[in-house]
Amino acid sequence: MDLPTLTEVRIPRSRAELALSDTVVPLAGGTWLFSEPQDHLTGLVDLMALGWTPWRRRTDGGLSLAATCTVAQLVTIPSQPGWRALPLFRHCAESLLQSFKIWHSATIGGNIATALAAGALIGLGGALDAELVIWTPDGGERRERVARFVLAQRTTSLLPGEVVRAIEFEPSALAATTAFRRIALSPLGRAGTVLAARRDLDGAFVLCVTGGTTRPEVIRFPDVPSPAELAAAIDGIPTWFSDPHGAADWREGVSALLAEEIREELAR
Ligand SMILES: Cc1cc2nc3c(=O)[nH]c(=O)nc-3n(C[C@H](O)[C@H](O)[C@H](O)COP(=O)(O)OP(=O)(O)OC[C@H]3O[C@@H](n4cnc5c(N)ncnc54)[C@H](O)[C@@H]3O)c2cc1C
């Protein structure tokens with residue numbers, strides 16, 4: 001789609017050339033930006049030109065993903081010692097409703113910053129307690145967990161001039177056993193609910209619900225909960241919503257069933 005209000009598309013060579021504002025915003029894969037009108041925008045700054053390395057193993061065994069890492073690059077990260085959670089990356093990536101073009105162009109940073117309920121990589125970050133590294137316009141940076149960054153549908157804590165630089169995963173979360181469930185009203189439909197979960201080596205149980213809620217909902221227990229404890233936690237989620245992809249009560253009901261499946265799987 002043409003974006004007729006744009007007067008510039010800038011190709012930066014360094015951080016100093018980002019100069020973002022509320023009307024000049026980052027362009028990553030462009031799959032969402034060019035899919036609907038953006039009449040409030042006057043400029044785009046092409047982050048892909050900065051050539052960030054898509055991912056790197058940190059010296060402490062954690063993972064740092066560049067915000068510009070594409071979905072296709074994410075799922076080709078080879079297995080690494082201590083990274084038992086890697087299959088969850090593919091599960092979450094495949095929950096994105098997408099064509100070949102989106103698979104190869106959409107970025108992790110763009111997915112999280114777009115903050116759709118069906119934000120496939122939001123569930124991944126939420127379940128693994130991933131932290132965003134956010135560059136601030138004064139040249140500094142701040143850090144925020146993915147699950148806190150996404151405040152509501154299409155709303156994040158990102159301020160004008162800020163840019164997501166990276167998504168970081170701690171070694172302890174990467175070492176966890178993971179489980180995943182997704183359901184939609186039709187075989188290739190947009191997600192009705194998405195559940196991504198992990199069980200840490202110390203037994204801790206973390207479940208992130210997205211897709212059916214207006215923001216990521218993270219549930220934590222020090223060990224695998226009882227069925228009643230988990231059902232009560234799902235019952236306590238306040239942000240179910242209705243749209244053409246599912247009614248709020250259906251989303252809550254199927255999430256409870258799928259959460260119990262995950263509980264049994266991770267208890268084994
Ligand atoms: C047919 C179709 C199906 C889709 N299905 C899904 C789906 O199932 N689930 C889903 O979540 N999304 C879906 N999307 C939306 C979108 O394609 C994805 O969210 C994609 O991951 C966005 O990434 P991108 O790199 O293309 O972002 P862009 O389109 O380049 O940018 C999206 C937004 O994020 C901002 N942004 C990008 N990178 C950064 C950064 N590093 N820091 C700060 N802000 C940034 C941009 O300024 C813009 O506001 C779909 C889109 C289409 C067209």
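**Group meeting: an open sheet and its salt bridges**

Hi everyone, let's start with the sheet: β11, β12, β13 and β14, four strands in that order, make an open sheet with antiparallel pairing. Two strands count as paired if DSSP finds at least two bridges between them. Strands and helices here are DSSP runs (E, at least two residues, for strands; H or I, at least four, for helices), numbered from the N terminus. At the edges sit β11 (177-184) and β14 (217-221), each pairing on one side only. From one strand to the next, the twist averages 15 degrees. Axes are lines fitted to C-alpha atoms, for helices over the stretch in contact, and angles run from 0 to 180 degrees between N-to-C directions.

Before I go on, a word on where this comes from. This is a predicted model, where local features need pLDDT of at least 70 and side-chain atom pairs count only at pLDDT 80 or more, while totals for chains, interfaces and linings use all residues. Residues are numbered from 1 along each chain as its sequence is written, and side-chain values use heavy atoms, with hydrogens and water left out.

Back to the strands. β13 (residues 205-210) pairs with β14 in the antiparallel sense over five bridges. Which residue in β14 is the bridge partner of cysteine 208? That is valine 218. Lying across β12 (191-199), β13 and β14 is helix α5 (residues 120-127), which runs at about 160 degrees to β13. Contact here means heavy atoms within 4.5 Å.

Now the charges. The structure holds 20 salt bridges, each being a side-chain nitrogen of Lys or Arg within 4 Å of a carboxyl oxygen of Asp or Glu. One of them joins arginine 220 and aspartate 129 at 2.6 Å, N to O. Arginine 220 is in β14 and aspartate 129 is in the loop between α5 and β6 (131-135), so this pair ties together parts 91 residues apart in sequence. Is aspartate 129 buried or exposed? It is buried, at 13% relative accessible area, whereas arginine 220 is partly exposed at 43%. For the cut-offs, buried means under 20% relative accessible area, exposed over 50%, and partly exposed in between (1.4 Å probe, protein chains only).

Another salt bridge links arginine 143 with glutamate 141 at 3.8 Å, N to O. Both ends are partly exposed: arginine 143 at 42% and glutamate 141 at 46%. Through shared partners, salt bridges join Arg58, Asp60, Glu131, Glu141, Arg143, Glu168 and Glu170 into one network.

Thanks, and I'm happy to chat about any of it!
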